[in-house]
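User: Please take a close look at a single strand in this model, and set that strand in its surroundings, from its own residues out to the whole assembly.

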Number of protein chains: 2
Amino acid sequence: MTTLENDTLIRALLRQPTPYTPVWLMRQAGRYLPEYNATRARAGDFLSLCKTPALATEVTLQPLARFPLDAAILFSDILTIPDAMGLGLSFAEGEGPRFARPVRDERAIGRLAVPDPHGELRYVVDAVAEIRRALRGRVPLIGFAGSPFTLACYMIEGGSSDDFRTVKQMLYQRPELLHRLLDVNARAVAAYLNAQIEAGADAVMVFYTWGGTLAHAAYLEFSLAYTTRVVAALLRERDGERVPSIVFTKGGGPWLEAIAACGCDAVGVDWTVSLADARQRVGARVAIQGNLDPLVLLTDPDTVRHEAERTVADFGRAAGHVFNLGHGIVPATPPDNVAALVETVHRVSRVN
Amino acid sequence: MTTLENDTLIRALLRQPTPYTPVWLMRQAGRYLPEYNATRARAGDFLSLCKTPALATEVTLQPLARFPLDAAILFSDILTIPDAMGLGLSFAEGEGPRFARPVRDERAIGRLAVPDPHGELRYVVDAVAEIRRALRGRVPLIGFAGSPFTLACYMIEGGSSDDFRTVKQMLYQRPELLHRLLDVNARAVAAYLNAQIEAGADAVMVFYTWGGTLAHAAYLEFSLAYTTRVVAALLRERDGERVPSIVFTKGGGPWLEAIAACGCDAVGVDWTVSLADARQRVGARVAIQGNLDPLVLLTDPDTVRHEAERTVADFGRAAGHVFNLGHGIVPATPPDNVAALVETVHRVSRVN
């Protein structure tokens, strides 16, 4: 059992007091870092980078060498699961993900099976173990997966989409088919996250990235219900230590209370929500992670400091805040702005 | 003064009882109708269609000839105002709008002036008058404009954008510049809508289409504050009849209470919000317009009937609901599905 040198993230996720607000950033290992681009060039392409544990470990650690972040997050992609199901994932340069064999009818859905995390997904489990060894207990490692519904969107559309109309046609016309697909996905995501926990993840996060896409009732029935199942199936502890779970929903403002009741320890929110409101609505039940607009990081260090300070003040002085962006860092971000952000969050939140 | 034959829309917007729930659809005159495409082909291009009152009248009336809709909406575009300000609007085939002269610095913003609705925008006022004559009081005519912030987004980016990063850089780094631009826009939008009211619009709507883009506090400061100014400057009556105002914000769920307090008569909501929740949150103050997912109209008449019935039931039996989609009709919509929708809303909402 490793005792963490810096356990502020874990404590904040469990709503315990911390000396300052911990901070990590979605896509903190990514294209805004020259060293990331160098490693990726060596890997050849994005998917090879994900599938080579030594390289995934290297890029996971890169932002920690630059900034005093309070967590590492596994470098991977949410689409590893459908890829392991045999859908044939690829990333064309400059475009989004593509599946060679999208899943659109009864037969294709009937053939889907939960991939063995120690089989086709072994490279992810190996990466988690290798990153954990490399971290040597400095900060916690966050594992992650896409939500069952987010995965279904890509699996059905065969890639990204402006409006996910193929998914929605199935949702409205063949709801029972979509439910069957989501059931497989929920079991796959739970097994995958548990394997990450066993291999060394100290916390896990489920991403739902298409908030604002689903109608109110449909989100509850087709998205949150399956994320709830995933959370219920997660290991709560490893070696006697609690492993907290985070559920992040982009555009999740309208469902905050429902998400907070899904069994997770923390809810990630985007920048359209006020942290003060979120804390009032659900802060007695869960920790809150968020929520600076990632585009603030395209400005300058002074503006970043000002906006970071506002975000910390918006949550207020209380336990249970993990500072993050409301979505991933964009590639054009100057690393100096990230340095200013991390420094400011630590400084202004410090309890004297 | 024309007395309306069918005034259910006006009554519902004012939260007065109606024999059934009135229904109209955003982009009800549009590319899903073959007759629209025929008129547009005659016009040559989209902008000529907007700028020729006889043709704008023709397409405005087309959906009313097919479906017993409870309102007509002026056929036009939200970007007529910046076009009249001299920014040089064009629509390339298959692409979005483009401005030849985007507004990005102090000098360009300093040169902006409120266009005279009876000058450069005369074609819109003429279209309103001509549509009203052609309607002969059958149903009310809704006028509209983009919100000051929505217009600013296009004016600064020079067109559409995935993330409006140029706008946001100005918002975070030069807020005073953006405020100056928004002040001109608010005065322009108010003058434009009042000219539409004087020419015959029976209700008006302000569109904010980039909800989910702005951070919580930024939405209040840069968007809602200026929409509030517009609403405060609107004529409340024409010929002794109340002219209700609607404020529609895509992704506006997190700000529902604030929007409802802006002085408008009705709030338009998208499908991520439950109408029951919306009614509970703000229904005592304003009418609610919405909120079927437009992609439901890509399914089949039975599915459309089922979902329309659910939407009517979600609001429940009470005054103050105007049925609409949560955003515009998509071009691939089969007109038969629209017929099924309008018939269902009227039938299931009818008070016996």
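Analyst: A nonpolar core is a set of buried Ala, Val, Leu, Ile, Met, Phe, Trp, Tyr and Cys residues joined through C-beta atoms within 7 Å, and a residue is buried if 20 or more other C-beta atoms lie within 10 Å of its own, exposed if 12 or fewer and partly exposed in between, with C-beta atoms placed from the backbone. The model is a predicted one, in which local features need pLDDT of at least 70 and side-chain atom pairs count only at pLDDT 80 or more, whereas totals for chains, interfaces and linings use all residues. Residues are numbered from 1 along each chain as its sequence is written, while chains are lettered from A and ligands numbered from 1 in the order in which they are written.

The strand chosen here is β4 of chain A, residues 141-146, of which 6 of 6 are buried; strands (E, at least two residues) and helices (H or I, at least four) are DSSP runs numbered from the N terminus. In a regular strand the side chains alternate between the two faces of the sheet. For β4(A) both faces are covered, with A:L141, A:G143 and A:A145 buried on one side and A:I142, A:F144 and A:G146 buried on the other.

Two neighbours flank this strand, where pairing requires that DSSP finds at least two bridges between the strands. Strand β1(A), residues 72-73, runs parallel to β4(A) and is joined to it by 2 bridges, with A:I73 opposite A:I142. Strand β5(A), residues 203-208, is also parallel to β4(A) and is joined to it by 5 bridges; there A:G143 faces A:V204 and A:F144 has A:M205 as its bridge partner.

These strands belong to an open sheet of 7 strands with parallel pairing, in the order β1-β4-β5-β8-β9-β10-β11 of chain A. At its edges stand β1 and β11 (321-325), each with a single partner strand, so that one side of each has no neighbour in the sheet. Helix α10(A), residues 175-199, packs on this sheet by touching β4 and β5, and its direction makes about 170 degrees with that of β4(A). That angle, on a scale from 0 to 180 degrees, is taken between N-to-C directions of lines fitted to C-alpha atoms, for helices over the stretch in contact.

A:I142 deserves separate attention: along with A:V267 and B:I142, it touches the most other members of the largest nonpolar core, which has 249 residues. Leaving aside residues up to four places away in sequence, its contacts (C-beta atoms, placed from the backbone, within 7 Å) include A:A71, A:I73 and A:L74, together with A:A201, A:V204 and A:M205. In soluble globular proteins, nonpolar side chains tend to be buried together.

Around the strand, chain A has 15 helices and 11 strands, and 57% of its 352 residues count as buried. Among its contacts between residues at least 6 apart in sequence, 71% join residues at least 24 apart.

Finally, chain B superposes on chain A by a rotation of 180 degrees with 0.0 Å of shift along the axis and an RMSD of 0.0 Å, so the two copies are related as by a two-fold rotation axis; the fit is by least squares on the C-alpha atoms of residues with pLDDT of at least 70 in both. Within chain B, B:P254 comes closest to that axis, its C-alpha lying at 3.2 Å. Because 100% of the interface residues of chain B are also interface residues in chain A, the copies meet through the same surface.

How values were computed:
Contact = placed C-beta atoms within 7 Å.
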